[in-house]
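Visitor: I would like a close look at a single part of this structure, rather than a tour of everything. Please start from one unit and follow what surrounds it.

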Amino acid sequence: MAYAGKKRWKGLVVGVLGLVLLSMLVPLLFLLGIHNGFQGYGSEQPNSPTHTTPIIIKESTEEDHVKHVEDIVKHFAPPIFKDLLKNISHNAENKTNEVTLQKTEQEKEFRAPPQHVPLSPSIINNSKVEKVEMIDYAKGGIDESGKTCQVKFGSYCLWRQEHKEDMKDFMVKKLKDSLFVARAYFPTIAKLPSQRKFSSEMKQNIQELEKVLSESTTDADLPSQIAKKLERMQAVIAKAKTFPVECHNVDKKLRQIFDMTADEAHFHMKQSVFLYQLAVQTMPKSLHCLSMRLTVEFFRDPVYDMESLASKYNDPALQHYVIFSTNVLASSVVINSTVMHAKESGKLVFHVLTDQQNYFALKLWFYRNTYKEAIVQVLNLEEIDNRKLFLSLPVEFRVSFGIGAEARTEYLSIFSHSHYLLPEIFQKLEKVVVLDEDVVVQQDLSALWSLNMEGKVNAAVQLCSVKLSNLLKSSFDKTSCAWMSGLNVIDLVKWRELDLTETYRRFVNEASTQEGQNEAAALHASLLTFKDLIYPLDSVWALSGLGNDYNIDMSAVTKAAVLHYNGKMKPWLDLGIPKYKVFWKRFLNREDQFLTDCNVNS
C-alpha cells in the first residue's frame with residue numbers, strides 16, 4: 001500500500017511538472033514568432049467590415065512584437081508567472097529605448113484610439129514607443145468640443161476654424177457667465193437649512209463678482225487677483241450642482257436673466273440707431289473747428305482781392321462747374337480731384353454756392369489754396385440780387401422695396417430747390433456741369449462739354465434699379481428709370497426756353513397740397529419737371545452707392561470717372577466705409593496748418 005501511494009504521489013508530481021512545462025512553452029512559442037503562421041487572437045478576420053478611414057502604420061519593428069507578446073501573455077499567462085512577465089517587460093523596455101525612430105516633418109503624432117486589448121504598464125510608461133497615425137480624409141478637422149468637422153459646403157464648423165478670431169474681453173464674458181449661473185442656483189441653495197455656511201459663501205462670491213463687473217467693462221480694467229476669484233466662483237458653482245435643486249427655480253431664474261439680457265440688447269440697439277443718426281446729421285467736431293478757425297482768420301485780415309478774375313466767372317468759352325456745399329473739406333476734394341485729372345486746368349472755373357454761415361470760411365480757404373490754373377468763385381446764395389434765398393443741398397431719398405430676403409435699399413439723390421435757381425444766377429452761361437459735394441473725380445471730364453444732348457436739358461446717370469413708375473405710378477411707364485444727381489450736365493439755354501424753374505414751382509405747389517410733406521413734394525416735382533428731358537449718360541461716367549453699399553466691385557470703383565458717395569456714410573465721417581474712403585482722402589491737402597490744428601488728418 002505504501003508503495004502504491006508513493007507511486008501515485010510521483011504521478012501527481014510528474015503531472016504538475018508537465019503542466020508547468022506546457023505553460024512555459026506558450027510564451028516561448030510567441031517569443032520565437034511561430035504564432036505568426038496561425039490565425040489567432042488579435043489577427044484580422046477576413047469577413048470583418050472595412051473601415052473607410054485610411055490608417056497609416058509605420059514599419060513593424062521588434063518593439064511591435066514585444067508589445068503584442070506582452071498583451072497576449074498578460075491575458076493567458078498563469079498567475080505564477082507575474083514575476084517572469086515583469087522581467088520580460090523590463091527587458092523589452094530596455095530594448096525599445098535603444099531604438100531610434102525618425103519621423104518626417106509632415107507626420108503628425110496622434111494618440112492611437114483605445115484597442116480592445118489593453119496595453120501593459122511598461123508599454124504605457126514608455127514615452128519613446130512609436131504611435132499609430134490615423135489620418136481621416138473624410139473629416140475636416142476637430143472643433144473645440146473634440147468632435148470632428150464634416151466636410152460639406154457651408155459647414156459652420158469649418159468656417160469657424162478658418163475665420164477664428166480671438167475673443168475680445170474674454171475674461172469679462174466668462175465672469176458674467178459664471179455670475180449668471182451662480183444667481184440661478186443661489187435661491188435653491190439658500191433654502192437648504194443645512195447649507196447656511198455654503199449659502200453665505202456663495203452670496204459673498206456673487207457680490208464680489210458684481211462689484212468687479214460694475215467697475216470693469218474690459219479685460220484691461222480687471223484687478224490682478226481676478227483669476228483666483230473666478231476659480232473660487234467656479235468651485236462654488238461645481239459644489240452647488242451636487243445638491244438636489246428645484247429645476248423650475250433654476251429655469252425661472254435663467255428666464256429672468258434671458259429677458260433682462262434681451263431688454264438690454266433692445267436698449268443698446270435703439271441707442272445705436274440714435275447715435276448713428278446723430279453722427280450722420282451733425283457736423284464732426286474737427287470740421288466745425290476748421291470752419292470756425294477759417295472764419296475768425298478771415299475777419300483778422302478781410303482784404304482779399306478777387307475782382308481781377310471777375311471777367312472769367314461769366315465767360316461762356318470756359319468750362320464752368322457748380323458745387324452746392326457748406327463743407328470746406330468736401331468741396332475742396334471735389335475741386336482738387338477734378339483739376340488733378342483735367343487736361344487743361346486753365347479752362348476750369350468752379351462756382352461754390354454756400355450759405356451765410358460758411359461763406360467766409362470757404363472764401364478764405366480757396367484764397368489760401370490754389371488748384372493749378374483753375375479759378376474758384378465762392379458765392380453766398382443768401383445775398384444774390386439782394387434776395388433772401390436759402391441754400392438747400394441735394395436731397396437724398398431712401399427707397400426700399402421687396403420683402404424678406406429679396407428686400408433691397410437704394411439712395412436716390414435729386415435736385416434741391418436751390419438747383420432751380422441756376423438759370424437766374426448764371427444768366428450769361430449756356431452750359432454748366434453740376435457736381436455734388438460728396439463726389440470724387442477720377443478722370444478728365446472735358447468730353448462732357450462736347451456732348452450732344454439731342455435737345456434734352458439734363459444729362460444724368462440713370463438708376464434703373466428704381467423705376468419711376470414705382471414712385472409716381474400715374475405719370476411714368478414701367479420702363480422709365482430714375483435719374484441721379486451727383487454728375488449732371490445742364491443746358492441752361494434749353495432750360496430758359498422751357499422755363500423749367502416756373503414749371504418746378506408749379507409742381508411743388510400742387511404736390512405740397514396732396515402730399516403734405518416738403519421733401520416728398522420736392523421729389524415728385526423734380527421727377528415731373530424733367531419728364532422726357534433726361535439724356536442718359538453711360539454708367540461708366542458715375543458710380544453711386546459708395547456711401548451705403550459694402551459690396552460694390554472694386555474693379556468698377558477704379559474704372560468709374562466719378563465716384564458718388566450717396567448714402568449716410570459720407571467719406572469725411574468716421575462712419576464712412578474704409579475701403580472707399582481711401583479714394584477720397586488722397587485728394588486732401590494735408591499740409592494745411594488749419595487741418596493740423598483741428599486734428600482733421602487723424
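Guide: What follows starts with one strand-helix-strand unit, then takes up its cover and some other places in the chain.

The model is predicted, so local features are given only at pLDDT of at least 70 and side-chain atom pairs only at pLDDT 80 or more, while totals for chains, interfaces and linings use all residues. Residues are numbered from 1 along each chain as its sequence is written, and side-chain values use heavy atoms, without hydrogens or water.

The unit consists of strand β6 (residues 348–354), helix α13 (residues 356–368) and strand β7 (residues 375–380), which together make a right-handed β-α-β unit. Right-handed means that, with the strands pointing away from the viewer, the path from the first strand over the helix to the second runs clockwise. Helices (H or I, at least four residues) and strands (E, at least two) are DSSP runs, numbered from the N terminus. For scale, the secondary structure of the protein chain comes to 21 helices and 16 strands.

The two strands of the unit, β6 and β7, pair in the parallel sense over six bridges; pairing requires that DSSP finds at least two bridges between two strands. One of the residue pairs is V349 with I375, the latter being its bridge partner in β7.

β7 is mostly covered, with six of its six residues buried. Buried means under 20% relative accessible area, exposed over 50%, and partly exposed in between (1.4 Å probe, protein chains only). The cover is on both faces of β7: I375, Q377 and L379 are buried on one side, and V376, V378 and N380 on the other. Across the whole protein chain of 602 residues, 39% count as buried.

The helix of the unit has its own buried residues. In α13 these are N358, Y359, F360, A361, L362, L364, W365 and F366. Their cover includes both strands of the unit, β6 and β7, along with α10 (285–300), α12 (328–340) and α21 (593–597).

α13 also takes part in a salt bridge, meaning a side-chain nitrogen of Lys or Arg within 4 Å of a carboxyl oxygen of Asp or Glu. The side chains of R368 and D592 meet in this way, at 3.6 Å from N to O. R368 belongs to α13 and D592 to the loop between α20 (578–585) and α21, so the pair links distant parts of the chain, 224 residues apart. D592 is buried, because its relative accessible area is 5%, whereas R368 has 41% and is therefore partly exposed. Elsewhere, salt bridges that share partners join E396, D438 and K570 into one network. The structure holds 11 salt bridges.

Another of these bridges pairs E344 with K347, with the closest N and O atoms 3.3 Å apart. Both residues count as partly exposed, because E344 has a relative accessible area of 48% and K347 has 35%.

Beyond the unit, strand β10 (residues 431–435) can be described in a similar way. Five of its five residues are buried, so β10 is largely enclosed by the rest of the structure. On one side of β10 the buried residues are K431, V433 and L435, and on the other they are V432 and V434. β10 has two partners described here. Strand β5 (residues 319–324) runs parallel to β10 and is joined to it by three bridges, with Y321 opposite V433. Strand β13 (residues 481–491) runs antiparallel to β10, joined by five bridges, and here K431 stands opposite D491.

Y321 also leads to a loop residue. It is touched by L445, as are T338, W541 and V562, not counting residues up to four places away in sequence; contact means heavy atoms within 4.5 Å. L445 lies in the loop between β11 (439–441) and β12 (458–467), and counts as buried because its relative accessible area is 2%. Its C-alpha is 9.1 Å from that of V562, although L445 and V562 are 117 residues apart in sequence. For the protein chain as a whole, among contacts between residues at least 6 apart in sequence, 72% join residues at least 24 apart.
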